Amino acid sequence: MRIRATLSLTLAATLALTACGSDYPLGPEQEAAARSGDTSLRGAVTASGSSAQGPAIDAWRAGFSTLYPRAQVQYSPDGSGAGRGALLAGAVGFAGSDAYLSDEELADSTEACGPDGAFDIPAYVSPISVAFNLPGISSLNLDAATVARIFHGEITTWDDPAIAAQNDVDLPALPIAAVSRSDDSGTTENFTDYLHAVVPEIWTEEADGTWPSGLANENAKGNAGVVSTVAATVGAVTYADDSAVGEPLGRVALKVGGDYVEVSSEAAAAAVDLADRVPGRKDHDIALDLDRTTSEPGVYPLVLVSYHVYCSRYENEATAAVVRAFGTYAVSEEGQQGAAGAAKSSPISPELSRQATEAIASIDVGDIS
C-alpha cells in the first residue's frame, strides 16, 4: 500500500532529523509541556494541500506536539488540488483543501481509502479578502458586479465611474493590474464560486480551482505569491486568504444586501452558520454548501471553508491513531483558538466541532482493497 510505504519513509526521515536538533522549536516552555504529554502515541504522518491553511497547520502542529511528543505530522502547502491529488494517489495520510471533494474524487478515493472512500471535515474558516495596493487608501466599497468586471478586465482604471460611485475618496487614474493564482487553488474556486453565484450574468464561468484561461491576468503561485506581487505593484489587486493580507494592502468591503460588510472573523463565521450540508453524502462527510447570495446583515459571504480530507480506513493502527488524534485536536476548542491566534481564522461552532469529532472517530483500520 502506497500510504504505508510513504509514511514509513517519512517516519525514518523525521527520526533522523530530530536526532540532529531540538524536538521543541518553540523553546523550553514547549519542551516542559511535551515532557508531561502522552508518549504512548507514536508515528509520523505526512500531509499536503492548502497554502491558506499553512499558518493554522503550524499552530496545530505546535499544540499537538506538546500533547503527543512522540507523534509527528509534516505538512507541505502545495495547493489544494495538489493535496487532493496526493491523497487520491495514496501518497499522503491526509490532505488540506479549500474545496470539498467532488463526486468524481469521492468515487476515485475508494482505491486509496477503502470501500467507504475519503471524507471532508471543515477545519479552517477564513474570509477571502479582495486586496489592493493604492497608497493612502486602506478600504474601498465594492459590489460583486464591480469586482467581477475588474477581474474580467472590463474595468481597467481605479477612477472608473463604477468604483467612484460607491466610494467617497479621491481615486487615482491608475491602471488596474488584476493578479490571480497560477496553481490549482481552493481560494480561486471559492472566489469564482462567489462571483458566479452572485453575478452570473457577468461572471459566466463556472466555479473552478483553475483561473479561466481566457482572462489575461498576471498570476502568481499561492496566497503568499499573489500578495507579494500586489504589494510590489501599485495599482494591483488580488484575492487571497485574509490571514495573508497585511500592509501596505487595503481591503474591499463587499456589498451584501443594502450594506457594505468589512472583512472580519465574525462576519465569516456568520456565513458558515448559514451553510447547509451538501446533500447525498455519507453521514461522516461534512461538506458545506455556502449561501453566497445571502442578504443577511453582518454576513461576509466571500468565505473560505478549508477541509481536512481523511481516509475512512487506513491499513495500520499507528497511522490511523495519529490521524485521529491530530484531526480531533484541530477541530477542538483549543485547536481552533490556536489557529485563530496564528492565522486570524474564524473558530468553527461548538456544534460543528462536535460533529467533526464524531466523524473523525469513525476512522477505522483494515484492508484497503
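Here is a walk through the chain, from its overall build to a few individual residues. Please keep in mind that what you are looking at is a predicted model.

Let's start with the fold as a whole. The chain contains 14 helices and 15 strands. Its radius of gyration is 21 Å, close to the 21 Å that the globule rule gives for 369 residues, so the chain is as compact as a globular protein of that length. If you want a frame for your viewer, the C-alpha atoms fill a box of roughly 65 × 45 × 35 Å along the principal axes. Of the 369 residues, 54% are buried. The contacts also reach across the sequence: taking those between residues at least 6 apart, 76% join residues at least 24 apart.

Turning to the outside, the accessible surface comes to about 15100 Å², and carbon and sulfur atoms account for 50% of that. On the charge side, the chain carries 20 positive and 50 negative charges, and the mean positions of the two sets are 9 Å apart.

Next, look for the covalent cross-link. The count comes to one disulfide, formed by Cys-113 and Cys-311 with their sulfur atoms 2.0 Å apart. Cys-113 sits in helix H6 (residues 110–113) and Cys-311 in strand E13 (residues 303–311), so the pair ties together parts that are 198 residues apart in sequence. The torsion about the S-S bond of Cys-113 and Cys-311 is about -45°, so the disulfide is left-handed. Both Cys-113 and Cys-311 are buried.

Another link between distant parts of the sequence can be seen at Ile-121, in strand E4 (residues 118–132). The C-alpha atoms of Ile-121 and Tyr-307 are separated by 5.1 Å, although the two residues are 186 apart along the chain. Ile-121 has a relative accessible area of 0%, so Ile-121 is buried. Leaving aside neighbours within four places in sequence, its contacts include His-284, Ile-286, Tyr-307, Val-331, Ala-356 and Ile-360.

Now move towards the N terminus, to helix H4 (residues 80–88). Seven of the nine residues of H4 are buried, so this helix is largely enclosed by the rest of the structure. The buried set is Ser-80, Gly-81, Gly-83, Arg-84, Ala-86, Leu-87 and Leu-88; notice that Arg-84 is among them. Just after H4, Gly-90 takes a positive phi of about 75°.

Which residues does Ser-48 touch, not counting those up to four places away in sequence? Among them are Ala-82, Gly-83 and Ala-86, along with Tyr-75, Asp-78, Val-92 and Phe-94. Ser-48 belongs to strand E1 (residues 43–49). With a relative accessibility of 5%, against a cut-off of under 20% for buried, Ser-48 counts as buried.

Finally, two loops deserve a stop if you like to check backbone torsions. In the loop between strand E8 (236–241) and strand E9 (250–256) you will find Pro-248. The peptide bond that leads from Glu-247 to Pro-248 is cis, with omega near 10°. The other loop lies between helix H13 (333–343) and helix H14 (350–361), and Lys-344 is found there. Lys-344 has a positive phi of about 60° although it is not a glycine. Its side of the story ends with a relative accessible area of 39%, which makes Lys-344 partly exposed.

Methods. Residues are numbered from 1 along each chain as its sequence is written. This is a predicted model: local features need pLDDT of at least 70, side-chain atom pairs count only at pLDDT 80 or more; totals for chains, interfaces and linings use all residues. Side-chain values use heavy atoms; hydrogens and water are left out. Helices (H or I, at least four residues) and strands (E, at least two) are DSSP runs, numbered from the N terminus. The radius of gyration is taken over C-alpha atoms; the globule rule is 2.2 Å times the number of residues to the power 0.38. Buried means under 20% relative accessible area, exposed over 50%, partly exposed in between (1.4 Å probe, protein chains only). Contact means heavy atoms within 4.5 Å. Accessible areas come from the Shrake-Rupley method with a 1.4 Å probe; for residues, only the protein chains shown count as cover. Lys and Arg count as positive and Asp and Glu as negative; His and the chain ends are not counted. The place of a charge is taken as NZ of Lys, CZ of Arg, CG of Asp or CD of Glu. A disulfide is a pair of cysteine sulfur atoms within 2.5 Å.
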